[in-house]
Amino acid sequence: MDEVITLEEYDLNLLNELKQEGIINRDEIRKNLLSFDKLQFSKTVDRIDLYDLVEMDTTTNFFSFPDNEEFLDLVSSIEIFGIVTPLVVTKRESDEKYTVVCGRNRLLALRSLYANSKDDRFRSVPCIQLGKTDPMMLQGLIIASNLKYRKVSLEDRIKSIFILDTILSKNKKYRNEYNVAEVIAQKTGVTRNTVNNYLALRGLSDTAMDLVNKGHLNLTIARMLARVSHEKQDDIINTLEENINDFNKVRSLTSKIYPQSSMKDEKTGKMVPLTWELHLESAKKAVEEKTTIKITVVAELVGELLEKLFQVKDGYVKLNPTKNGNKYMKINVIDRHMRQYLNRGFISQNIYDRAVPKKDPKGMDLLKSLGL
């Protein structure tokens, strides 16, 4: 360990508040701790040899490392300005080494700079020492600083929220006096709604959570899946496959099956008790009742196309009659375009009147009276 200076002296040397991983100073640390009254920090900034600093194990600091671009930006910043924000460290009992609690990426950047330059200014590292701390509180500090000052992956963010919820739920102060989700939101810089959305995912199976982390399962569907057992979640995922984000199918499969529930057997035409297996098979075979087909056509051919679309009236195409009555196909046209085509002679007045739905006269009179 080299020279020791006070925090006030160190702060005088700060050139700028750079956006690096970690915290700005002791006061900034304390504002973001889960229970700062239980953590004791040194009142000085100690200069510790680079080779005496070791990384926190990845089970406690599970956050992913920066990508190449982020790491190069950090290296460049430290090379120009030095370490603006001291690293937070704890003294190891087994030897004379120090474990880095906040500042792992800066430590890696310093190692890279020193290896390439052998410049001593990268070997003597400014650090603030943290006293003996409960492991859960230590992880809480790591999580809070990473979520607040770094861009982290969705997987790391969700895992962090789960851990913070566990920590705070065990803390009598927060459990009795505050809404835990609100505290987490304040400490991590994310919205309370986001925190609640993530906490709702606690009930996901490993398969479902993996799909969330990989971006294959949207959060709305994930929250619905979390309401049922892990076994049912995996059944739904395996059954729907690429349709797993189909809201209606998942909502149906995650709804409760009552003892009196029944469904029609396709083979016999008779009503049979609704089982989980039949429910899955039915959902797999289900198709959307309606679909939208978009047709793009050049202006000169609009009239010809509409003429060929059977009997067009008020935006509807009448199809062949069925035993359940006539079926209609809705045609959506852009009124403004149709008026332009009518004015240019691309379509006739007859086609225009049949393709464009009639406006409600009473509604039009109301709009006119309002000056619209």
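**Exercise 1. The R192 pair**

At what relative accessibility does R192 stand, and does it count as buried, partly exposed or exposed? Then describe the partner of R192 in the predicted model and say where each residue of the pair lies.

*Solution.* Begin with the accessibility: R192 has a relative value of 37%, and because partly exposed covers the range between under 20% for buried and over 50% for exposed, R192 counts as partly exposed. Next, look at the side chain, which meets that of E182 in a salt bridge with an N to O distance of 3.5 Å. The pair links distant parts of the chain, since R192 belongs to helix α9 (residues 192-199) and E182 to helix α8 (residues 180-188), 10 residues apart. E182 is likewise placed in the partly exposed class, with a relative accessible area of 29%. Finally, consider the backbone around R192: its C-alpha atom is separated by 9.6 Å from that of V180, a residue 12 places away along the chain.

**Exercise 2. Two further salt bridges**

Determine how many salt bridges a search of the whole structure finds, and work through the pairs E55 with R111 and D210 with K214.

*Solution.* The search of the whole structure gives 10 salt bridges. In one of them, the side chains of E55 and R111 meet at 2.8 Å, N to O. E55 is in strand β3 (residues 53-55) and R111 is in helix α4 (residues 104-117), so this pair ties together parts that lie 56 residues apart in sequence. As for accessibility, E55 is partly exposed at 32%, and R111 is partly exposed at 31%. The second pair is formed by D210 and K214, whose side chains meet in a salt bridge of 3.1 Å, N to O. Here D210 is partly exposed, with a relative accessibility of 34%, whereas K214 is exposed, with a relative accessible area of 53%.

**Exercise 3. Patches on the surface**

Identify the residues that form a negative surface patch and those that make a nonpolar one, and place one residue of each in the fold.

*Solution.* The negative patch consists of D67, E69, E70 and D73. Of these residues, take E69, which is located in helix α3 (residues 68-81) and is exposed, with a relative accessible area of 57%. The nonpolar patch, of about 470 Å², is made by I293, I295, V297, V298 and L301. V298 is found in the loop between α14 (276-285) and α15 (302-308).

**Exercise 4. The buried residues of α6**

Compare the span of helix α6 with the expected one, and list the buried residues of this helix.

*Solution.* Helix α6 (residues 154-169) contains 16 residues, and the distance from its first C-alpha to its last is 22 Å, close to the 22 Å expected at 1.5 Å a residue. The buried residues of α6 are D156, I158, S160, I161, F162, I163, L164, D165, I167 and L168, a list that includes the acidic residues D156 and D165.

**Exercise 5. Positive phi outside glycine**

Where do K118 and E241 lie, and what are their phi values?

*Solution.* K118 sits in the loop between α4 and β6 (124-129), and its phi is near 60°, a positive value in a residue other than glycine. E241 is found in the loop between α12 (230-240) and α13 (247-254), and its phi is positive at about 50° although E241 is not a glycine. To complete the description, K118 counts as exposed at 52% relative accessibility, and E241 counts as exposed at 51%.

Definitions and conventions. Residues are numbered from 1 along each chain as its sequence is written. This is a predicted model: local features need pLDDT of at least 70, side-chain atom pairs count only at pLDDT 80 or more; totals for chains, interfaces and linings use all residues. Side-chain values use heavy atoms; hydrogens and water are left out. Patches are made of residues with over 30% relative accessible area and no salt bridge: like charges are joined within 9 Å, nonpolar side chains (Val, Leu, Ile, Met, Phe, Trp, Tyr) within 5 Å. Accessible areas come from the Shrake-Rupley method with a 1.4 Å probe; for residues, only the protein chains shown count as cover. A salt bridge is a side-chain nitrogen of Lys or Arg within 4 Å of a carboxyl oxygen of Asp or Glu. Lys and Arg count as positive and Asp and Glu as negative; His and the chain ends are not counted. The place of a charge is taken as NZ of Lys, CZ of Arg, CG of Asp or CD of Glu. Helices (H or I, at least four residues) and strands (E, at least two) are DSSP runs, numbered from the N terminus. Buried means under 20% relative accessible area, exposed over 50%, partly exposed in between (1.4 Å probe, protein chains only). The expected span of a helix is 1.5 Å times one less than its number of residues.
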